[in-house]
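Student: I'm new to this one. Could you pick a single part and walk me through it slowly?

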Amino acid sequence: MSIIRTDKNVTASALFGVAAIQIFIAGIYWFISGAQFDWIGWLITFSGAIYIALGIVARWIRLPAAIIGSVLYAAYLAFQAMWSMDFIFKIPVVILLLVAVVSALKHPAAKT
């Protein structure tokens, strides 16, 4: 028995998973900061929406959506490298983005 169904778009699912984690992080950040966001807070908050959009796009064009999501998150990690941040939520996101890229490489065309 496989954990992932074979008829499921793994790339889109991984990107939606990244969106869920980013939205969860934004909720924690919102709770801690008391809704007094600086531009970093708004960036974290709306990154979930970006990954939702990429998940939707991945239903038709998987590889570009997966690569764009991975590049955006790599830029996010590089930006945060100057601060000491908790990596407990970043590891699953990196894994999900790798799954998205590998899945997109295995299934380049969307099945209709």
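Tutor: Let's look at helix 4 and the helices it packs against. Keep in mind that this is a predicted model. Helix 4 covers residues 90-106, and helix 3 covers residues 62-80. Their axes come within 8 Å and cross at roughly 155 degrees. An angle over 145 degrees counts as roughly antiparallel, so helix 3 is roughly antiparallel to helix 4. The crossing of these two helices is left-handed.

Who does the touching? On the helix 3 side, you'll find Arg62, Leu63, Ala66, Ile67, Gly69, Ser70, Tyr73, Tyr76, Leu77 and Gln80. Helix 4 answers with Lys90, Val93, Val94, Leu97, Ala100, Val101, Ser103, Ala104 and Leu105. Sort the residues of this contact by type and you get 13 nonpolar, 4 polar and 2 charged.

Now swing over to helix 1, residues 10-33. Helix 1 packs with helix 4 at an angle of about 160 degrees, and their axes are 8 Å apart. That angle makes helix 1 roughly antiparallel to helix 4. Here, too, the crossing is left-handed.

For this contact, helix 1 brings Val10, Thr11, Ala14, Leu15, Gly17, Val18, Ile21 and Gln22. They meet Pro92, Val93, Leu96, Leu97, Val99, Ala100, Ser103 and Ala104 of helix 4. By type, the residues of the contact between helix 1 and helix 4 divide into 12 nonpolar, 4 polar and no charged.

One last thing to spot on your screen: some helix 4 residues turn up in both contacts, including Val93, Leu97 and Ala100.

Technical notes
Residues numbered from 1 in each chain as written. Predicted model: local features only at pLDDT ≥ 70, side-chain atom pairs only at ≥ 80, totals over all residues. Heavy atoms only, no water. Axes fitted to C-alpha atoms, helices over the stretch in contact; angles between N-to-C directions. Parallel < 35°, antiparallel > 145°, perpendicular 65-115°, else oblique. Left-handed = near helix turned anticlockwise from the far one by under 90°. Contact = heavy atoms within 4.5 Å. Nonpolar A, V, L, I, M, F, W, Y, C, P; charged D, E, K, R; others polar.
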